[in-house]
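Trainee: I'd like to zoom in on one part of this model and then see what else is going on around the chain. Could you walk me through it in one go?

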Amino acid sequence: KSGDNKPYYFLSIPDPIRKQLKTNLPKPKGYYLKPLKQTKQTDYTFVDSGGIQSCLPIILDFICKDEIKLTKSNSPKVASLVQLEKLTDLEAFFPDMPDSEARHLRMQLIIDFCLIFKEPIGQTAHKFPKAIQLLIDRLELYQDNPLINYLHHVKGWYQGNQSIRGSFFQSILSILRELPDQKWVSINQIIRYAQLRDIELCPINPLEIITLYSPVNWDGWGNKKKYLKPEQADTVITNPIVKAAFFLLASFGLVDLAYDKPSPLSQSIFDSLKYVRLNQIGNYALKLIDEFPNSSQQMPPSQVHFDDSHLILTVHPPDPRLEHILGSFGKRIGRSRFKVDFASFLSTRSSREEIEEAIQTLRSLTDQPLPTVWSGFIDELLSKQQCLELDEDYQVFRLSRNDEQFADLILTDPVIQNIILLVQDHRIAVRKKDIAELKQRLSFFGYLF
């Protein structure tokens with residue numbers, strides 16, 4: 001009975017009959033995704049504003065060069081997350097929170113999914129529009145669901161032979177295509193929309209949830225390893241992972257989000273999501289529009305600055321294409337700054353021809369004469385080439401380590417001393433034309449070689 005003591009009833013109808021009946025019934029509230037007229041105030045409103053366009057090429061460059069340090073579970077280490085956040089100045093979801101997971105959440109999501117699609121996306125690292133469309137194409141076909149690793153309040157994944165549904169991202173993207181253009185909708189609307197249209201969003205069969213458990217004392221479950229029940233699937237798994245999916249999409253700049261700070265009682269860090277808005281980059285990635293949206297503010301062309309006192313190159317404004325070129329000369333020390341030295345310049349070059357070609361490329365980056373410190377660096381670099389040459393007039397022999405008397409002879413006999421050149425580690429060098437004379441002198445003492 002209900003609170004007013006009136007009876008209420010439930011009617012269970014088999015799915016095939018229910019689906020047939022639905023076609024003849026009035027559409028319930030929430031069947032269509034309608035934009036909200038107004039939203040409640042939230043702690044955060046996340047709008048990427050194009051930052052991902054300049055940051056993603058840098059992140060992909062690090063990934064393709066295997067410069068990101070990974071844990072044993074192939075997740076990026078915190079040190080790598082911090083390093084890339086400093087280099088890219090990427091806006092975080094929770095910049096003011098002390099919790100490490102919250103503070104680095106956006107960068108971790110980006111790296112995790114770029115690692116999955118490293119090969120195809122890495123080839124488009126410096127063509128952001130193409131890279132972001134390729135990401136969506138691959139995500140729609142992806143059969144696994146790494147987002148389950150972000151649901152820390154649930155354990156037992158991959159231990160109970162759960163069959164991960166391969167349609168999760170396809171379902172999320174199908175919903176994304178139905179969002180009103182650049183209008184806010186609530187996450188509750190999205191979840192309700194999926195339920196009414198039988199869009200399956202639970203990453204596993206709800207009946208298999210009994211193999212999962214909670215390792216914490218959450219919501220009065222009591223002990224430290226409480227196995228879940230099928231009726232908890234929506235609350236414990238589906239809702240958090242759907243919210244996680246929209247944080248993932250926002251990480252790549254495809255949607256805008258409005259959310260609050262996570263509560264200490266929250267199941268997951270994603271629980272505080274309130275509203276979602278599809279933006280123009282999302283429209284382009286989903287191929288709903290043909291042209292990539294350009295910023296209304298026209299940026300001046302990027303230029304490379306050669307420091308007058310130090311071997312430091314700077315690109316301003318930041319330009320992924322130019323940064324990629326400068327990365328072949330020096331080591332990145334800032335968002336668009338590179339420090340050059342002999343080791344960094346020669347790291348990808350092994351011949352004089354390659355060095356001269358690189359110098360020509362370096363000179364072409366500016367229409368001004370190079371500062372003195374740079375001209376001196378180039379002159380010294382060229383003067384140090386071919387510092388070792390193979391001398392084919394000599395032959396090297398190794399002395400037997402077990403014959404000390406022979407070694408003493410080599411070191412003390414004046415005739416032999418005039419023939420050979422001593423080399424370290426029991427080795428001697430002899431001019432080829434003097435080998436016959438050395439053989440003759442050694443035979444005098446009974447030695448042959």
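Trainee: Let's take Ile-110 for the close look: is Ile-110 buried or exposed, and what is its relative accessible area?

Mentor: Before the numbers, keep in mind that this is a predicted model. Ile-110 has a relative accessible area of 0%, and the cut-off for buried is under 20%, so Ile-110 counts as buried. You'll find Ile-110 in helix α5, which covers residues 105-116. There's a long-range neighbour to look at too: Phe-252 sits 142 residues away from Ile-110 in sequence, yet the C-alpha to C-alpha distance in space is 7.0 Å.

Now for another buried spot, this time with a charged side chain. Arg-332 belongs to strand β9, residues 330-332. Its relative accessible area is 14%, so Arg-332 is buried as well. The side chain of Arg-332 has a polar contact with the side chain of Glu-323, at 3.5 Å.

On to salt bridges. In general, side chains of opposite charge can pair when their charged atoms come close. With nitrogen and carboxyl oxygen within 4 Å as the rule, the count is 15 salt bridges. One of them pairs Asp-137 with Lys-287, with 3.3 Å between the closest N and O atoms. That pair ties together distant parts of the chain, since its members are 150 residues apart: Asp-137 is in helix α7 (residues 128-141), and Lys-287 is in the loop between α11 (280-285) and β7 (303-306). Asp-137 has a relative accessibility of 29%, so it counts as partly exposed. Lys-287 comes in at 49%, so Lys-287 is partly exposed too.

Contrast that with a local pair. Arg-352 and Glu-356 form a salt bridge at 3.1 Å, N to O. Both of these residues are in helix α14 (residues 352-364), and they are 4 residues apart, about one turn of the helix. Arg-352 is partly exposed at 31% relative accessibility, and Glu-356 is partly exposed at 39%.

Then there's the salt bridge between the side chains of Asp-434 and Lys-433, at 3.5 Å from N to O. The two ends of this one fall into opposite classes. Asp-434 is buried, at 10% relative accessibility, whereas Lys-433 is exposed, at 70%. If you'd rather look at a cluster, Arg-18, Lys-22 and Asp-198 are joined in a network of salt bridges.

Next, the surface patches. Ile-17, Leu-21 and Leu-25 make a nonpolar surface patch of about 270 Å². Of these, Leu-25 lies in the loop between α1 (15-22) and β1 (44-46). Leu-25 has a relative accessible area of 48%, so it lands in the partly exposed class. Patch members need over 30% relative accessible area and no salt bridge, and that 48% for Leu-25 is what puts it past the area cut-off.

For charge, turn to the surface patch of negative charge where Glu-389, Asp-391, Glu-392 and Asp-393 gather. Glu-389 is in the loop between α15 (372-383) and β11 (394-398). Glu-389 has a relative accessible area of 68%, so it is exposed.

Last, a bit of backbone geometry. His-316 and Pro-317 are joined by a cis peptide bond, with omega at about -10°. Pro-317 is in the loop between β8 (312-316) and α12 (320-326).

Two residues other than glycine also have a positive phi worth checking. Asp-89 has phi near 55°, and it lies in the loop between α3 (78-88) and α4 (100-103). Asp-89 is exposed, with a relative accessible area of 66%. His-426 has phi near 60°, and its place is in the loop between β12 (420-423) and β13 (427-431). With 37% relative accessibility, His-426 counts as partly exposed.

To come back to your residue: Ile-110 is the buried one at 0% relative accessible area, in helix α5, with Phe-252 at 7.0 Å, C-alpha to C-alpha.

Note on methods: Residues are numbered from 1 along each chain as its sequence is written. This is a predicted model: local features need pLDDT of at least 70, side-chain atom pairs count only at pLDDT 80 or more; totals for chains, interfaces and linings use all residues. Side-chain values use heavy atoms; hydrogens and water are left out. Patches are made of residues with over 30% relative accessible area and no salt bridge: like charges are joined within 9 Å, nonpolar side chains (Val, Leu, Ile, Met, Phe, Trp, Tyr) within 5 Å. Accessible areas come from the Shrake-Rupley method with a 1.4 Å probe; for residues, only the protein chains shown count as cover. Lys and Arg count as positive and Asp and Glu as negative; His and the chain ends are not counted. The place of a charge is taken as NZ of Lys, CZ of Arg, CG of Asp or CD of Glu. Buried means under 20% relative accessible area, exposed over 50%, partly exposed in between (1.4 Å probe, protein chains only). A polar contact is a pair of N or O atoms within 3.5 Å; within protein, one must be able to donate a hydrogen and the other to accept it, and residues adjacent in sequence count only if both atoms are side-chain atoms.
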